[in-house]
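Thank you for making time this morning. I would like to take you through one structure, and I will keep to the features that can be read from its coordinates.

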Amino acid sequence: MIALSASDISLSFGGDTILKNISFAVNDGDRVGIIGVNGAGKTSLFRIITGEYTPDSGAVYIQKGHTVGVLEQNPDLTALPGELSAVEYMYSAFPALLALEKDISACEAQLSVAAGRGNEEDVLALTARLNELNSRFAKDGGLEFRGRCRSMLLRLGYTEEQTEQKIRTLSGGQYTRLALARLLATEPDILMLDEPTNHLDIDALAWLEGYISNYKKTVLIISHDRYFLDRTTSKTLSVRFGSAKLYHGNYTETKEICEAEAASQEKRYKEQQKVIARIKANIEFQRRCNREHNFVTIRAKEKQLARMEKIEAVQKDPRTIRLSFATEEESAGDVCEVKELSFSYGQSPLIRDVSFLIRRYERVMFLGRNGSGKSTLMKLINSMLTPDRGRITLGYNIKIGYYDQENRGLTESNTVFDELRAAYPDKTDLELRSTLALFLFDADDIARQISTLSGGERARLTLAKLILKKVNLLVMDEPTNHLDIGSCEALENALLAFEGTIIAVSHDRYFINRIATRIIELAPEVERGMFDYSLESYDDAFTEYMRMRELRKEAEARVTVSAKSESKQDYEEKKRESARRRSEEKKRERAKAKIEELECELERLEEELFGEAASDYVRAAEIDTRKGEIEEELLELYELVM
C-alpha cells in the first residue's frame with residue numbers, strides 16, 4: 001500500500017527553480033535513500049512533505065492515519081525546554097502515557113480515601129476504574145516506554161550520567177543524538193531523517209544501521225554517508241537538475257544503474273547525431289544539384305528529420321570541487337611520536353597514557369566512541385592545546401595543514417575572498433579567484449560574508465584555504481562533514497594522491513575504507529588508552545578493522561572466561577579444603593570427647609578391679625579384657641587429636 005506520494009511537485013525561490021514536476025510514490029515498509037549534490041533540493045523536498053513549505057504546484061499525499069516524524073539536519077536548539085533532563089525530554093514524546101500515569105496516581109489516591117471511609121460502593125467503582133486505566137496503560141506500552149527511552153539514549157552514545165544532564169548544558173552533537181533518539185522511540189509510520197549519521201560514533205552507527213534495517217515502517221533518508229545508505233536502503237530517489245527519479249536498489253546499485261543509463265544514452269545520442277549529420281549533408285548535396293527531383297528528396301529528408309524522436313544529450317553532473325594538496329619537501333621518516341600522553345578537562349580524564357609513532361606516508365585514522373578524545377588529540381598534535389603529561393614530538397621539517405571539523409578558523413565578518421586574501425597576502429587576485437572557482441565559488445559568492453554561508457560552503461572554503469598551503473602532514477578532523485557525495489569522492493582522490501602523511505578523525509566508513517592504512521582506536525578506559533591496528537589490507541580498510549577488532553574482543557572474552565574458570569576452580573578447591581578441615585576438626589572434637597569418656601571408664605574399671613572384684617576372678621577377667629579394648633581404642637584416638 002502506498003504510504004506517501006508526490007505528484008508534479010515544483011518549487012522555486014525568487015527566479016531560481018529548485019524542483020520541477022517531481023512525482024514518485026513510496027510504499028509501506030520502503031526504505032528510501034535520497035541523494036543529490038548540495039543545493040539539489042533534498043531538504044526542500046522534505047519540508048514540502050511535512051507541510052513546512054508550500055509548493056508552487058503539485059501535491060503530496062500521505063496515507064490517512066499515518067504519523068510522520070522528522071529529524072532535521074540543523075535543529076533549532078533555542079526552542080528546547082532547557083531545564084528538563086535528556087531522559088525527561090525523551091519521556092515528553094509520550095504525552096498520552098504521561099497523562100495516563102497521572103490519572104492512575106489520582107485514582108489510587110481516591111481509592112485509598114474511599115477505603116479509609118469504608119465506602120464500599122466508591123471502592124468498587126474506583127477499583128474498576130483503576131483496573132481499566134492500568135489495562136490501557138499496559139496495552140499502549142506504558143510498562144516499557146521509559147526503559148526504551150533510556151536504552152535509546154545509551155545506544156546512541158549517552159552515558160548514564162548524561163541521560164540525567166539538563167538539556168541547556170548539552171552540546172550541539174549531544175542534542176542531535178537526543179533528537180534522533182526521541183524520534184526513534186516514537187516509531188512514526190513515516191520516518192524522515194536528514195543526515196542522521198552526523199555526530200555518531202562507529203558503534204552508534206552500527207546500532208542505527210541495524211535498527212533502520214529492521215524498521216517495519218517507511219523510512220526516507222537524506223545522507224552523504226554512502227556506507228550507511230548501502231546498508232539501510234532498498235530504494236534510491238536521485239534528485240538532479242531539479243528533477244527526481246526513483247530507482248530500486250541502494251546507493252551503489254543506483255550509481256551503477258545511472259552510469260549504465262548515461263552510457264547507453266550517450267551512445268544512442270552520438271549514433272543519432274551521426275545519422276542526422278548524414279541526412280543534413282544529403283540535403284545540402286541535393287540543394288547544390290538544383291534539380292526538380294532533388295527538391296522532392298530534400299522535402300522527404302526534412303520530413304524524416306522532423307519526425308525523428310530526438311535523443312537528448314546526457315546532462316553532465318553538476319560541477320564538483322577540484323582539489324589537490326600542494327606538498328612541501330619530504331619530511332623525516334618519523335613524522336609524529338607521542339609518548340605517554342594524557343589530557344583532562346577539569347577532573348575528567350579524556351586521553352590517558354597514549355603512546356604511538358606515525359611514520360612517513362602512513363594514513364592513520366583515529367576512531368573511538370564519542371567523548372574518547374579524538375578531536376582533542378588532533379588539537380594537541382596541532383599545538384592548539386597543551387597536554388597534562390607526556391609529550392608530542394614532530395619530526396624534522398614537518399609542515400602541518402589542519403582541517404577543523406567546525407571550521408572555527410574562519411572570520412565571520414570577512415567575505416569569502418577577504419578570508420583567502422588574509423591567509424595568503426602574497427598571492428595574486430587571479431590565483432585566489434581561480435582557487436575559489438575550483439571550490440564552486442562564483443563571482444557573486446566570493447563577495448558574500450562568511451556568516452551567511454551554509455555548512456557545506458564553509459567546509460569548501462576551509463579546504464580552499466588548506467590546498468594553497470604547502471604541507472607534508474595533513475591533520476584532519478571529520479573532513480567529509482557537510483560535503484556532498486561528489487565532493488567527498490574528490491577529497492578522497494586528492495588525499496590518495498597526496499605525497500605526504502595523513503592523520504585524520506572520521507566516522508565516514510566509506511572514507512575510512514578508501515584512505516586508511518592504519519587505525520588507532522582511542523579507549524581511555526583501558527590500559528595505554530588505545531588499540532592500534534596495523535591493517536593487512538588497504539582495499540577494504542574499515543572491514544579489515546572491524547574483523548581485527550572482533551578477533552580482539554573474542555580473545556579478551558576467552559581470557560575473561562578462562563580467568564573466571566580458574567577463579568571458579570580455585571573457589572571450588574578452597575571450598576573442598578575448607579570442608580575437609582571442618583570435617584577433621586569435628587573428628588578431633590569427637591575423638592577428644594570419646595577419649596574423656598574412655599579414660600573415665602578406665603578409671604572406674606581400675607577402682608573396681610582393686611576393690612569389689614579383687615576376689616571375684618570371673619569379674620576380674622572381664623575387667624581386664626575391657627581394659628585392653630579401651631587402651632587400644634585410646635591409642636587410635638590419641639593419633640587423631642595429635
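What follows covers the open and enclosed spaces, then a surface patch, and finally a few individual residues.

I should say at the outset that this is a predicted model, and every value I quote is computed from it.

Let me begin with the pockets. The largest pocket has a volume of about 1300 Å³, and its lining is made up of 47 residues, with Asn38, Gly39, Ala40, Thr43 and Ser454 lying nearest the centre. Several elements supply at least two lining residues each, namely strand E3 (31–35), helix H1 (42–50), strand E5, helix H15 (455–467) and helix H16 (485–497). Of the contributors, H1 gives the most, with 6 residues. If we sort the lining of this pocket by class, we find 16 nonpolar, 18 polar and 13 charged residues.

Now to the enclosed space, where the general idea is that rolling a probe the size of a water molecule over the atoms shows where empty space is left. How many cavities of 30 Å³ or more does a search of the whole structure find? The search finds 1, and the largest cavity holds about 40 Å³ of space. Its lining consists of Glu330, Ser331, Arg360, Tyr361, Asn472, Glu499, Gly500 and Thr501, which divide into 1 nonpolar, 4 polar and 3 charged residues.

Turning to the surface, Ile62, Val68 and Val70 together make a nonpolar patch of about 180 Å². Val70 sits in strand E5, which spans residues 68–71, and E5 is also one of the elements that supply at least two residues to the lining of the largest pocket. With a relative accessible area of 34%, Val70 is classed as partly exposed, because that class lies between the 20% limit for buried and the 50% limit for exposed.

By contrast, is Tyr247 buried or exposed? Tyr247, which belongs to strand E9 (residues 243–248), counts as buried, because its relative accessibility is 9%. The C-alpha atoms of Tyr247 and Lys235 are separated by 5.7 Å, although these residues are 12 apart along the chain.

Finally, a word on backbone angles. Most residues other than glycine have a negative phi. Asp8, however, is not a glycine and has a positive phi of about 50 degrees; this residue lies in strand E1 (residues 2–13) and, at 41% relative accessibility, counts as partly exposed. Glu340, in strand E10 (residues 334–345), also has a positive phi, near 45 degrees.

How values were computed
Residues numbered from 1 in each chain as written. Predicted model: local features only at pLDDT ≥ 70, side-chain atom pairs only at ≥ 80, totals over all residues. Heavy atoms only, no water. Patch = residues over 30% accessible without salt bridge, like charges linked within 9 Å, V, L, I, M, F, W, Y side chains within 5 Å. Areas by Shrake-Rupley, 256 points an atom, 1.4 Å probe, with all protein chains shown as cover. Salt bridge = Lys/Arg side-chain N within 4 Å of Asp/Glu carboxyl O. Helix = DSSP H or I, 4+ residues; strand = E, 2+ residues; numbered from the N terminus. Buried < 20%, exposed > 50% of the residue type's maximum accessible area, 1.4 Å probe, protein only. 1 Å grid on protein atoms, 1.4 Å probe; cavity = no way out; pocket = protein on both sides within 12 Å on 5 of 7 lines; lining within 4 Å. Points joined across faces, edges and corners; volume = space filled by probe spheres on them. Nonpolar A, V, L, I, M, F, W, Y, C, P; charged D, E, K, R; others polar.
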